[in-house]
Amino acid sequence: MTEVLTKEIAKEYIHRARELPQNGRQDIGKRRELRIELQKRCGLTDLQAMNIINGDHVKDYVMIAARKERARIRKEGKE
């Protein structure tokens with residue numbers, strides 16, 4: 001099962017991306033590996049993971065992940 005995206009996880013990946021060589025934010029090399037790692041860890045799409053790594057729309061993605069998790073928990077409680 002994947003982890004729920006949190007602000008802390010997003011900050012970790014943003015920090016790691018900033019440590020990489022500048023490449024115009026292109027999805028190549030180590031940045032691509034980082035994006036794929038985040039996708040697998042949190043069950044995100046390519047676009048979501050790239051935006052998070054680039055520091056874009058992070059609050060929105062964290063909020064969406066939290067809502068999905070709350071809905072999953074409610075659903076499990078009803079079954």
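## A four-helix chain at a glance

The protein chain exposes about 5,700 Å², with carbon and sulfur atoms supplying 53% of that area (Shrake-Rupley method, 1.4 Å probe). This is a predicted model, in which local features need pLDDT of at least 70 and side-chain atom pairs count only at pLDDT 80 or more, while totals for chains, interfaces and linings use all residues. Residues are numbered from 1 along each chain as its sequence is written, and side-chain values use heavy atoms, leaving out hydrogens and water.

**Overall build**

- You will find four helices and zero strands here, running α-α-α-α from the N terminus (DSSP runs: H or I of at least four residues for helices, E of at least two for strands).
- The C-alpha trace spans about 50 × 20 × 15 Å along its principal axes.

**Burial and contacts**

- Of the 79 residues in the protein chain, 33% are buried (under 20% relative accessible area, 1.4 Å probe, protein chains only).
- Take the contacts (heavy atoms within 4.5 Å) between residues at least 6 apart in sequence: 50% of them join residues at least 24 apart.

**Where H2 meets H3**

- The axes of helix H2 (residues 29–42) and helix H3 (residues 46–53) come within 9 Å and cross at roughly 115 degrees (lines fitted to C-alpha atoms over the stretch in contact, with angles from 0 to 180 degrees between N-to-C directions).
- On the H2 side, the contact is made by Arg31, Leu34, Arg35, Leu38 and Gln39; H3 brings Asp46, Ala49, Met50, Ile52 and Ile53.
- By class, the residues of this H2–H3 contact are six nonpolar, one polar and three charged (Ala, Val, Leu, Ile, Met, Phe, Trp, Tyr, Cys and Pro count as nonpolar, Asp, Glu, Lys and Arg as charged, and the others, Gly among them, as polar).

Conventions
Buried means under 20% relative accessible area, exposed over 50%, partly exposed in between (1.4 Å probe, protein chains only).
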